[in-house]
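Trainee: I am new to this structure and would like a close look at one part of it. Could you take me through the aromatic rings, after a short word on the whole?

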Amino acid sequence: MNKQHLGHTARKRFGQNFLHDAYIIDQIVSAINPKSGENLVEIGPGLAALTEPVCALVDRLNVVELDRDLAQRLKTHPFLSKKLNIVEADALKFDFTELIKPDAPLRVFGNLPYNISTPLMFHLFSYAEQVLDMHFMLQKEVVNRLAAKAGEKNYGRLSVMAQYHCQVIPVLHVPPGAFTPPPKVESAVVRLVPHKEKPVQVKSEKMLNQVCATAFNQRRKTIRNSLKKLISEENLQDLGISPENRAENLTLADFAKIADSITIQPS
């Protein structure tokens, strides 16, 4: 199958792979379970594979689309245009508080371009308190990383920070043939439900993120070495954390303890 799809060529720089499998689309829309009156936001509606069936169920939908050609198609779409609030923006830089209304938390969904999926999730985590849930189609490997537990090979900064902000629920496996052009990787849909109360309390989310990033940037090293600029070996031992551990052995609670001990140290 060529890359021309409904008169639109998939653009590599936007990481576009368009969903076309009707059964999979139906499964995803069922998982999202959209209802009229909810504050729904689709990121990267593309050729409206999810937009159309969602709009059939609701009276209003916000969409964030970077590709001008695709935004234009939606503006002139005979059925959808009346129901859509089209935001032409880069979702990575967009201020989602612009869409938040009183008593109407965001329900975010999308078939995310693989090349921006991780930074986009980090961007959305900063709005977690205003989000009811998120449903994303991602590379299967990214969904596995989101859900990974301490000690597993694919456990990393994304796992720790995602689980700090959200409950992570893998929903559906999606084969490459469901897309045009078919990607070289397996995909999956994940549901992220922001915690009403975080599983650990930290004094600074920024420091938690920094500790995770620093530890996992040198994941083969022991934390004695990878975190030595942030915390001493003695302080790690005082916290009951072995300096011999590697980043992948530390739980979210461990990272929180380290972050808090650094936050309260005199600068």
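Trainee: Before we turn to the rings, what does the accessible surface of the protein come to, and what percentage of it belongs to carbon and sulfur atoms?

Mentor: Bearing in mind that this is a predicted model, the accessible surface of the protein comes to about 13100 Å², and 50% of that belongs to carbon and sulfur atoms. Of the 267 residues, 51% count as buried, and the chain forms 10 helices and 11 strands. A compact globule with 267 residues would have a radius of gyration near 18 Å, and the 20 Å of this protein agrees with that.

Now to the rings, where the count comes to 5 aromatic pairs. In one of them, phenylalanine 94 and phenylalanine 96 have ring centres 5.0 Å apart and planes at 80 degrees, and because an angle over 60 degrees counts as edge-to-face, that is how this pair is classed. Both of these phenylalanines, 94 and 96, are buried. Phenylalanine 96 also pairs with tyrosine 127: their ring centres lie 5.6 Å apart with the planes at 65 degrees, so this pair is edge-to-face as well. The pair of phenylalanine 96 and tyrosine 127 links distant parts of the chain, 31 residues apart, since phenylalanine 96 sits in the loop between β6 (84-88) and β7 (106-111), while tyrosine 127 sits in the loop between α4 (117-125) and β8 (131-139). Tyrosine 127 is buried, as is phenylalanine 96, and through these ring pairs Phe94, Phe96 and Tyr127 are linked into a cluster.

Conventions:
Residues numbered from 1 in each chain as written. Predicted model: local features only at pLDDT ≥ 70, side-chain atom pairs only at ≥ 80, totals over all residues. Heavy atoms only, no water. Helix = DSSP H or I, 4+ residues; strand = E, 2+ residues; numbered from the N terminus. Rg over C-alpha atoms; globule rule 2.2 N^0.38 Å. Buried < 20%, exposed > 50% of the residue type's maximum accessible area, 1.4 Å probe, protein only. Areas by Shrake-Rupley, 256 points an atom, 1.4 Å probe, with all protein chains shown as cover. Phe/Tyr/Trp six-rings, centres within 6.5 Å; stacked < 30°, edge-to-face > 60°.
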